[in-house]
Structures are given as C-alpha cells and as structure tokens.
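Subject: Structure for your review

Dear colleague,

Please find below the sequence and the structure that I am handing over to you. My findings follow directly after them.

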Amino acid sequence: MTGMSTLFIVLGLFLLGGVYSFKKQEMPKSLIVLLSIGSAMCLVAGVLRLEVWN
C-alpha cells in the first residue's frame, strides 16, 4: 500500500463520516450528495492505486 493510496482511502473515509454527520444534522440534500460523490471518488481512487491490481 503506497502513501498516496492510503491518503485517498483515509480522505474518502473522512468524507464519508461527514456525509453521516450532515445527514444526522438534516443539512441540504445537495450538499450531502456532493460530499458523498467526493467520498466515493476518493475511495475508488485509493483502491485503484493499490499495488494489488498490477
């Protein structure tokens, strides 16, 4: 696991926690959707950068 993939996965999980928190606070739906898209992109980028795929 490289440093960059770890960074992307940790950032994705952090943003996923923000999605959960914003959902509990009943923030606007558009903000939650935008945050969840960013979280998904970070998690996918981190997983794809793993050395397992090469």
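Does S39 count as buried or exposed? The model in which this is asked is a predicted one. S39 counts as buried, because its relative accessibility is 1%, which falls under the 20% limit for that class. The residue sits in helix 2, which covers residues 29-48. Apart from neighbours within four places in sequence, S39 is in contact with G12, L15 and L16.

Overall form

The protein chain has two helices and zero strands. Its radius of gyration is 13 Å, well over the 10 Å that the globule rule gives for 54 residues, so the chain is more spread out than a compact globule. Along the principal axes, the C-alpha atoms fill a box of roughly 40 × 15 × 10 Å. Of the 54 residues, 22% count as buried. The accessible surface of the chain comes to about 4100 Å², and 75% of that area belongs to carbon and sulfur atoms. When contacts between residues at least 6 apart in sequence are considered, 64% of them join residues at least 24 apart.

The nonpolar core

In soluble globular proteins, nonpolar side chains tend to be buried together. In this model, the largest nonpolar core is made up of five residues, namely L15, V19, I32, L35 and C42. Helix 1 (3-24) and helix 2 each supply at least two residues of this core. The largest share, three residues, comes from helix 2. For one core member, I32, the contacts beyond four places in sequence are with V19, F22, K23 and M27. L15, another member of the core, is also among the contacts of S39.

A second buried serine

S5 lies in helix 1. This serine counts as buried because its relative accessibility is 0%. Leaving aside neighbours within four places in sequence, S5 is in contact with G46, R49 and L50. Of these partners, G46 falls within the range of helix 2, residues 29-48.

The surface of helix 2

Which residues form a nonpolar patch on the surface? The patch consists of V33, I37 and M41, and together they have about 290 Å² of accessible area. M41 is found in helix 2. With a relative accessible area of 57%, M41 is exposed, since the class begins over 50%. Two C-alpha separations help to place this residue. The C-alpha atoms of M41 and G3 are separated by 17 Å, with their positions 38 residues apart along the chain. Those of M41 and L31, which are 10 residues apart along the chain, are separated by 15 Å. L31 is also found in helix 2. Its relative accessible area of 33% makes L31 partly exposed, and helix 2 therefore holds residues of each class: S39 is buried, L31 is partly exposed and M41 is exposed.

The loop between the helices

Where is E26 placed? E26 is in the loop between helix 1 and helix 2. Most residues other than glycine have a negative phi. E26, by contrast, has a positive phi of about 55° although it is not a glycine. E26 is exposed, with a relative accessible area of 71%.

In brief

Two points may serve as a starting place when you open the model. The core of L15, V19, I32, L35 and C42 draws at least two residues from each of helix 1 and helix 2. On the surface, V33, I37 and M41 form the nonpolar patch, while E26 is exposed in the loop between the two helices.

With kind regards

Key. Residues are numbered from 1 along each chain as its sequence is written. This is a predicted model: local features need pLDDT of at least 70, side-chain atom pairs count only at pLDDT 80 or more; totals for chains, interfaces and linings use all residues. Side-chain values use heavy atoms; hydrogens and water are left out. Helices (H or I, at least four residues) and strands (E, at least two) are DSSP runs, numbered from the N terminus. Buried means under 20% relative accessible area, exposed over 50%, partly exposed in between (1.4 Å probe, protein chains only). Contact means heavy atoms within 4.5 Å. Patches are made of residues with over 30% relative accessible area and no salt bridge: like charges are joined within 9 Å, nonpolar side chains (Val, Leu, Ile, Met, Phe, Trp, Tyr) within 5 Å. Accessible areas come from the Shrake-Rupley method with a 1.4 Å probe; for residues, only the protein chains shown count as cover. A salt bridge is a side-chain nitrogen of Lys or Arg within 4 Å of a carboxyl oxygen of Asp or Glu. The radius of gyration is taken over C-alpha atoms; the globule rule is 2.2 Å times the number of residues to the power 0.38. A nonpolar core is a set of buried Ala, Val, Leu, Ile, Met, Phe, Trp, Tyr and Cys residues joined through side-chain atoms within 4.5 Å.
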